[in-house]
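Open the model in your viewer and keep a selection tool at hand. The stops below go from one selection to the next.

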Amino acid sequence: MGKHMNYKKIIFSVIILSVAIVIVEGRGGGGIKDGDGISVMPTPDEKIFNVANYDATGDGKADDVEAFMGAFRAACDHPGKARLLVPRGQFAVSQAVFAGPCKGPGPMVVQITGIVKAVPDISMYPDPEWLTFERLNGLVIFGGGTIDGQGAQLWKYADCNQNSNCARLPSSIVLKGVTNASIRRITSLNPMGFHFFITASNNIRLQRLHIIAPEDSPNTDGIHISSSDLVRVSRSIIQTGDDCIGILQGSTRLSINKVTCGPGHGISVGSLGKYDNEEDVKGVQVKNCTLRGTTNGIRIKTFPFKPNVIPIKAYGFLFKDIIMDNVQNPIIIDQEYCGGGHSCVNGPSKIKLSDIFFHNIRGSTPSPQAINIKCSSEVPCQNVHLNSINLVGLKGPTTASCINAKINFLGLQLPNLKC
């Protein structure tokens with residue numbers, strides 16, 4: 001009898017919680033916190049701007065971009081606390097820009113509990129961006145919903161691997177000129193281009209994301225970061241067709257922790273030295289991560305010398321406590337990279353790499369070479385540390401090679417590297 005009563009209590013609790021969630025989508029009025037001081041259930045002093053109340057059809061076919069833009073504009077112009085709500089259902093949306101600054105005390109809260117689907121018509125995207133948030137100080141995007149780029153219908157237009165003058169396909173969620181933002185508990189599915197693109201932004205947290213695209217999907221980077229400071233990525237699963245995380249020029253004070261990557265191209269710094277007016281990369285930490293079946297593990301890549309490109313520096317990297325499971329190229333520094341359809345001028349890279357720490361990197365590779373450090377003869381890599389490296393071959397013994405690098409060794413070195 002006691003167990004039967006306890007079971008009834010559990011069922012009753014689930015029903016009450018379900019009712020509470022429904023109330024959130026309509027009117028709100030609770031105080032359960034989900035980090036950043038933001039309530040899952042809106043507080044009484046918070047006004048809800050539900051896209052359904054702005055004539056969104058929610059049939060997953062008709063373009064609801066005007067409803068989304070109208071709801072956001074009203075929320076942004078509201079002088080008090082505001083929340084943009086995307087309720088359960090499917091909403092087709094073409095290119096949209098959610099721009100601030102906003103009038104409220106912030107942060108602007110965007111709660112996505114439904115599915116937002118891109119309109120799969122390339123003519124609807126004059127810029128390589130789908131959902132852009134810009135010029136906002138204080139932003140929270142959360143809610144357990146899904147951002148579906150429907151990229152499979154447009155990937156046939158992706159040719160950036162062969163054409164240096166290609167037009168990038170739209171990134172799903174873009175943060176541009178955003179300060180103090182948090183994105184969490186969101187699924188990104190099959191983007192046209194990148195899943196998340198963070199640029200010219202500061203103090204951004206991305207956590208508990210599920211990023212999904214097929215292994216052969218072109219240029220579908222999971223999280224692409226450039227010209228941004230203090231970006232933290234944690235507790236996320238990234239399964240995509242290109243870099244799980246790409247760290248580009250101007251990225252400083254980045255932290256990547258407890259991320260599982262694979263399939264994909266691994267976690268990459270670069271390419272650097274591709275364009276003029278690039279900025280230094282510094283202060284990058286990647287810790288407690290697992291890479292499974294990826295093309296690369298940890299990779300730093302720079303272009304050879306390119307005329308009219310002012311060389312930058314990249315320094316202060318810590319890669320620690322990382323598991324490589326069946327990774328083709330676990331540790332790679334390539335200063336002769338020439339991808340993306342670019343024609344490279346002969347001549348060594350002038351990008352200076354220094355202060356790079358690999359600590360407790362362990363796992364397996366199907367390749368005969370587990371470590372490949374290929375630095376520039378013009379500016380050899382300085383102060384590279386390998387501490388406790390244990391990478392075993394799945395098909396036989398592994399080797400390691402390096403050129404133009406000054407390396408310090410400590411602890412186990414498998415395979416043994418001489419430089």
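Buried here means under 20% relative accessible area. The model is predicted.

**Stop 1: a stacked ring pair**

Select phenylalanine 319; at 1% relative accessibility, phenylalanine 319 counts as buried because the cut-off is 20%. Add phenylalanine 358, which is buried with a relative accessible area of 1%. A search of the whole structure finds seven aromatic pairs. Phenylalanine 319 and phenylalanine 358 form a stacked one, with 5.2 Å centre to centre and 20° between the planes. Phenylalanine 319 lies in strand E24 and phenylalanine 358 in strand E26, so the pair ties together parts that are 39 residues apart in sequence.

**Stop 2: an edge-to-face pair**

Next, select phenylalanine 303 and tyrosine 337. The two form an edge-to-face aromatic pair, 5.7 Å centre to centre with 85° between the planes. This pair also links distant parts of the chain, 34 residues apart: phenylalanine 303 is in the loop between E23 and strand E24 (313-325), and tyrosine 337 is in the loop between strand E25 (329-334) and strand E26 (352-365). Phenylalanine 303 is buried, at a relative accessible area of 1%.

**Stop 3: the second largest cavity**

Keep phenylalanine 303 selected. Phe303 is one of the residues that line the second largest cavity, along with Gly273, Pro304, Phe305, Lys306, Val309, Ile310, Pro311, Ser349, Lys350 and Ile351. The volume of this cavity is about 70 Å³. By class, its lining divides into seven nonpolar, two polar and two charged residues.

**Stop 4: the largest cavity**

How many cavities of 30 Å³ or more does a search of the whole structure find? The search finds two. The largest cavity has a volume of about 90 Å³. To display its lining, select Phe68, Leu84, Val86, Phe98, Val110, Ile112, Val116, Leu131, Phe133, Ile141, Ile147 and Ile173. By class, the lining has twelve nonpolar residues, with no polar and no charged ones. E3, strand E6 (108-112) and E8 each supply at least two of the lining residues. Now add Phe72: ring pairs link Phe72, Phe98 and Phe133 into a cluster.

**Stop 5: alanine 82 in strand E3**

Move to alanine 82, in strand E3 (residues 81-86). Is alanine 82 buried or exposed? At 5% relative accessibility, alanine 82 counts as buried. Leaving aside residues up to four places away in sequence, alanine 82 touches Glu46, Lys47, Phe49, Ala75, Pro107, Met108 and Val109. Draw a C-alpha to C-alpha distance to phenylalanine 49: the two residues are 7.2 Å apart in space and 33 residues apart in sequence.

**Stop 6: three salt bridges**

The structure holds ten salt bridges. Select aspartate 77 and arginine 73 to see one of them, with an N to O distance of 3.4 Å. These two residues are four apart in helix H2 (residues 65-77), so about one helical turn separates them. Aspartate 77 is partly exposed, with a relative accessible area of 33%, and arginine 73 is partly exposed at 34%.

Then select glutamate 129 and lysine 176, whose side chains meet in a salt bridge (2.8 Å, N to O). This pair links distant parts of the chain, 47 residues apart, with glutamate 129 in strand E8 (residues 129-134) and lysine 176 in strand E11 (residues 171-176). Glutamate 129 is buried, with a relative accessible area of 13%, whereas lysine 176 is partly exposed at 29%.

For another, select arginine 253 and aspartate 229, where the N to O distance is 2.5 Å. Arginine 253 is in strand E20 (residues 252-261) and aspartate 229 in strand E18 (residues 229-239); the pair links distant parts of the chain, 24 residues apart. Aspartate 229 is buried, with a relative accessible area of 17%, whereas arginine 253 is partly exposed at 48%.

**Stop 7: the largest pocket**

Finish at the largest pocket, which has a volume of about 910 Å³. Which residues should be selected to find the ones closest to its centre? Of the 36 lining residues, the closest to the centre are Arg168, Phe194, His224, Lys274 and Tyr275. Strand E17 (223-226), strand E21 (267-272) and strand E23 (296-302) each supply at least two residues of the lining. The largest share, three residues, comes from E23. By class, the lining of this pocket has eleven nonpolar, 16 polar and nine charged residues.

Technical notes: Residues are numbered from 1 along each chain as its sequence is written. This is a predicted model: local features need pLDDT of at least 70, side-chain atom pairs count only at pLDDT 80 or more; totals for chains, interfaces and linings use all residues. Side-chain values use heavy atoms; hydrogens and water are left out. Buried means under 20% relative accessible area, exposed over 50%, partly exposed in between (1.4 Å probe, protein chains only). Contact means heavy atoms within 4.5 Å. A salt bridge is a side-chain nitrogen of Lys or Arg within 4 Å of a carboxyl oxygen of Asp or Glu. On a 1 Å grid over the protein atoms alone, a cavity is a set of points where a 1.4 Å probe fits but cannot get out, and a pocket is an open set with protein on both sides within 12 Å along at least five of seven lines; lining residues have an atom within 4 Å of a point. Grid points are joined across faces, edges and corners, and a volume is the space filled by probe spheres set on the points. Ala, Val, Leu, Ile, Met, Phe, Trp, Tyr, Cys and Pro count as nonpolar, Asp, Glu, Lys and Arg as charged, and the others, Gly among them, as polar. Rings of Phe, Tyr and Trp (its six-membered ring) pair if their centres lie within 6.5 Å; planes under 30 degrees apart count as stacked, over 60 as edge-to-face and the rest as tilted.
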